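Me: I'd like to go through this one and check the labels. Can you take me through what earns each of them?

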Amino acid sequence: MKSIFDNVSFDCSMKVTKAYSTSFSSAVKMLAPSIRQDIYNIYGFVRFADEIVDTFHDYDKELLFAQFENDLELALSQKISLNPILNSFQHTVNKYNIPNELIAAFMKSMKLDLSKTKYTTVEEYNEYIYGSADVVGLMCLKVFVNGNIEKYEELKHSAMRLGSAFQKVNFLRDLKADFEDLSRTYFPNTDLSRLDETSKQQIIAEIQADFDAGFEGIQKLPLEAKFGVYTAYIYYKKLLSKLKKTPSLEIKNTRIRVPDHEKVGLLAKCYLNYKLNII
């Protein structure tokens, strides 16, 4: 029975999420059970594509990505794939009518990571952010609103800004790995070899503006999604706060993280705010 294979595929996507991101998987657990699996399915897909371009250095990454892209196209058209991650993803795409242009934009940004190492203009930077983060937020929003087109259009801008905020926090947190290990520079007009406090604060101000716009959308999300998205928002806001307090030289030489005991406290705070209807 195909349902058995589908359930195995769903389990794979959930395990990928939990293995690669304990923080994100914790936030997903705060979503309603009715939509939780579909977010696992989306994350598993984007995580595998990102792993190809970021991690598999001992292999032909271009070939692997081309194979993954071809398998994706077949999965979406045939509504099945023997790759469990792609089988899970196509299930969610077809269930919620996620537009192909969102998926194509994501794959385009991922493909850029195979060859492009520097973003010198704001236009290039914004296009990459749109494909690597904003569209992921929009895919998730499709699940959150469950086919409500009017609600999707209302929250679309906020979902994109929140995706941008998350991605830019990741860029700043992973500065050392991106710059030294992968030779990548995402922030335009910023010399990361000599990152100073002024440049750092400008980046943080940009991220804060994205968070502010994203929070407006969180307040209007359906109840099934609000607590989970708010949890992720609070966690990333905490990361931003730590980055803001960390000297620029230290950001370049270490990876800032939120300790597990602080995550527990943040979750408790999120739950209290949610119950008190503060969000």
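Reply: Sure, and here's the yardstick for burial: under 20% relative accessible area is buried, over 50% is exposed, and anything in between is partly exposed (1.4 Å probe, protein chains only). This is a predicted model, where local features need pLDDT of at least 70, side-chain atom pairs count only at pLDDT 80 or more, and totals for chains, interfaces and linings use all residues. Residues are numbered from 1 along each chain as its sequence is written, and side-chain values use heavy atoms, with hydrogens and water left out.

Me: What makes Glu262 partly exposed?

Reply: Its relative accessibility is 22%, so Glu262 counts as partly exposed. Lys242 also has 22%, so that residue is partly exposed.

Me: Why is the contact between Glu262 and Lys242 called a salt bridge?

Reply: The label needs a side-chain nitrogen of Lys or Arg within 4 Å of a carboxyl oxygen of Asp or Glu. Here the N to O distance is 3.4 Å, so the pair qualifies. Glu262 sits in helix H13 (residues 260–275) and Lys242 in helix H11 (residues 223–245), so they tie together parts 20 residues apart in sequence. Helices are DSSP runs (H or I, at least four residues), numbered from the N terminus.

Me: And what makes Asp6 buried?

Reply: Asp6 has 13% relative accessibility, so it counts as buried. Its salt-bridge partner is Lys2, with the closest N and O atoms 2.8 Å apart. Lys2, at 39%, counts as partly exposed.

Me: How many salt bridges does the structure hold?

Reply: There are 14.

Key
Helix = DSSP H or I, 4+ residues; strand = E, 2+ residues; numbered from the N terminus.
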